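Trainee: I would like a close look at a single helix, with enough of its surroundings to place it. Could you take me through it step by step?

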Amino acid sequence: MRNRLRKYVAEAAIGLSLGALLFLALVATVGLVPFIYQGY
Amino acid sequence: MIRNVEDVNRVIDSRFGAAGRSPMSLLRVAGWMIAGMLLIGVIWPASPVDLAQTPDNKGFSNAYVRSVSLDSNDPRGFAPTEHKGGFTIAWIGGSTLRTSPPGIKEYVAADYIPLQVQRFIPRSQGKPVYIDMYYMASARTFDLYAATEAAVSTSPDLLVLGLNPLWLFNDNTIQRRSNLDERLATSDVRDLGSWPIRSALLSPSDLALGTAARGLSAVRDRWSYAQDFQGPLDRLSPLDRSSPPAPGRLSDLDEVATFTAPLQFWTGYPKKPAQAEPTQNERDLGNLQYAYSGHAPFTDAVVGRMFATIKASGVPTYVYLDAISQDQLKDPRIDAQLRLIEGHLQSIADQNQAPNLTVRSESVARLLPPMQFADRYHLANARVFAPYLADELCERLRSSDIACTPETTGKP
């Protein structure tokens with residue numbers, strides 16, 4: 001039971017972290033990083 | 001004790017309950033990822049788009065005419081809004097939509113041709129006329145196609161499309177705004193005929209992001225988020241933004257010392273005598289020959305799809321070929337080269353004839369009395385062009401049984 005709970009918490013943490021990372025990567029590639037911004 | 005990879009796995013599994021070890025677990029991780037993105041959009045929405053603040057709309061304020069184009073990095077592309085109780089004209093074009101006094105190369109303090117035309121057609125069917133400009137400086141043919149798809153999806157009352165003979169059938173340069181790809185990848189996918197040209201330029205990531213953008217505002221509005229981040233991040237930047245003094249004239253040796261690659265030296269030295277500059281006529285002819293060499297399979301297909309999309313939409317549409325400065329036409333070689341482009345446009349228009357589509361394949365330069373130009377391709381003012389266009393647009397509307405009378409008739 002405890003192991004399962006641990007698993008679900010880990011899954012949520014990994015999923016949310018990946019979501020945040022993906023969000024930051026997507027934001028960075030459309031205008032946050034100056035050299036990408038300049039180079040269309 | 002940890003001795004090998006198996007032991008590492010065992011320790012990780014005991015700490016994290018074997019997360020990510022089964023397909024179902026991976027699916028749950030993906031679910032949390034999507035939930036996280038959804039949450040960002042809900043608890044922290046991006047700043048809304050303010051069209052009045054976009055560079056294209058700065059310098060003039062008009063309640064009825066404005067550019068709906070967003071930044072050329074913004075995947076949303078355009079931000080048209082519904083004009084309730086109004087008559088909406090969607091007007092697509094490149095830099096030739098603007099006029100500027102001769103000598104001003106930066107089209108900043110400039111005027112828009114649609115702005116002038118709206119003064120001749122302030123009302124249609126008793127409703128005020130609004131013009132949404134899909135203005136894209138240096139727009140290429142694929143950009144115009146993407147804009148046409150976007151404009152047609154808003155069901156405007158009239159669509160106007162300005163084509164530039166320099167880029168229309170130029171297979172050397174077919175796209176400038178790849179930010180429109182994502183939007184195009186998910187719009188009207190049932191239009192099977194467009195798949196060959198879409199697949200030539202769009203990528204799987206455009207499809208994936210376009211699909212995600214439909215449900216997740218964190219993905220769709222990411223350009224606005226980037227703007228929100230920009231300010232605080234700039235303050236952290238160690239980049240020296242002070243303006244350096246303008247360099248004085250360097251001696252040959254000092255100039256060589258500034259080179260950063262050997263190639264810079266070998267392309268400049270030994271110094272060759274300056275070659276005779278080509279004449280203006282030679283340059284103009286060269287530009288038009290570069291624009292169309294008699295074979296442009298890709299842009300042919302794109303223009304064909306553009307007309308097919310318009311035909312299927314049923315939206316009354318007026319297409320015109322931009323003017324080039326009229327003194328160019330005095331050279332019979334330039335005249336013949338332009339005729340080649342015009343004839344080609346007409347042949348594609350003939351294949352896509354529709355009651356809602358009018359294509360004026362002859363360049364405006366031939367149809368109108370002498371006009372003042374800012375340079376070889378941009379008008380200095382719309383004094384002659386605007387009343388002519390107002391007349392043409394009303395004629396187009398009347399053939400679709402829509403009442404329209406321009407304030408004054410400007411047709412020569």
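Mentor: In this predicted model, chain A comes to two helices and zero strands, and 25% of its 40 residues count as buried. Chain B, by contrast, comes to 16 helices and nine strands, and of its 412 residues 40% count as buried. The C-alpha trace of chain B spans about 90 × 70 × 40 Å along its principal axes, and among its contacts between residues at least 6 apart in sequence, 76% join residues at least 24 apart.

The part to look at closely is helix α12 of chain B, which runs over residues 280–291. At 1.5 Å a residue, its 12 residues should span 16 Å, and because the C-alpha atoms at its ends are 16 Å apart, the expected and modelled lengths agree. The buried residues of α12(B) are D284(B), L288(B) and A291(B). Seen down the axis of α12(B), these buried residues fall within an arc of 55°, and therefore they line one face of the helix. The general reason is that an α-helix has 3.6 residues a turn, so residues three or four places apart point the same way. What the buried residues of α12(B) pack against is α14 of chain B, residues 332–351. On the face of α12(B) turned away from its buried side you will find the exposed residues R283(B) and Y290(B).

For the wider setting, the domain assignment of chain B gives domain 1 as 11–43 and domain 2 as 51–229 + 280–398. The C-alpha centres of domain 1 and domain 2 of chain B lie 45 Å apart, and the contact between them takes four residues from domain 1 of chain B and four residues from domain 2 of chain B. On the side of domain 1 of chain B that touches domain 2 of chain B, the residues divide into three nonpolar, one polar and no charged.

There remains the meeting of the two chains, where 29 residues of chain B are in contact with 22 residues of chain A. The elements of chain B that give two or more residues to the side touching chain A are α2 (23–43), α8 (217–220) and α9 (222–236), and α2(B) gives the most, with 10 residues. Taken by residue type, that side of chain B divides into 17 nonpolar, nine polar and three charged residues.

Notes:
Residues numbered from 1 in each chain as written. Chains lettered and ligands numbered in written order. Predicted model: local features only at pLDDT ≥ 70, side-chain atom pairs only at ≥ 80, totals over all residues. Contact = placed C-beta atoms within 7 Å. Helix = DSSP H or I, 4+ residues; strand = E, 2+ residues; numbered from the N terminus. Nonpolar A, V, L, I, M, F, W, Y, C, P; charged D, E, K, R; others polar. Expected span 1.5 Å × (residues − 1). Buried ≥ 20, exposed ≤ 12 C-beta atoms within 10 Å, placed from the backbone. Arc of directions from axis to C-beta. Domains from an automatic or database assignment.
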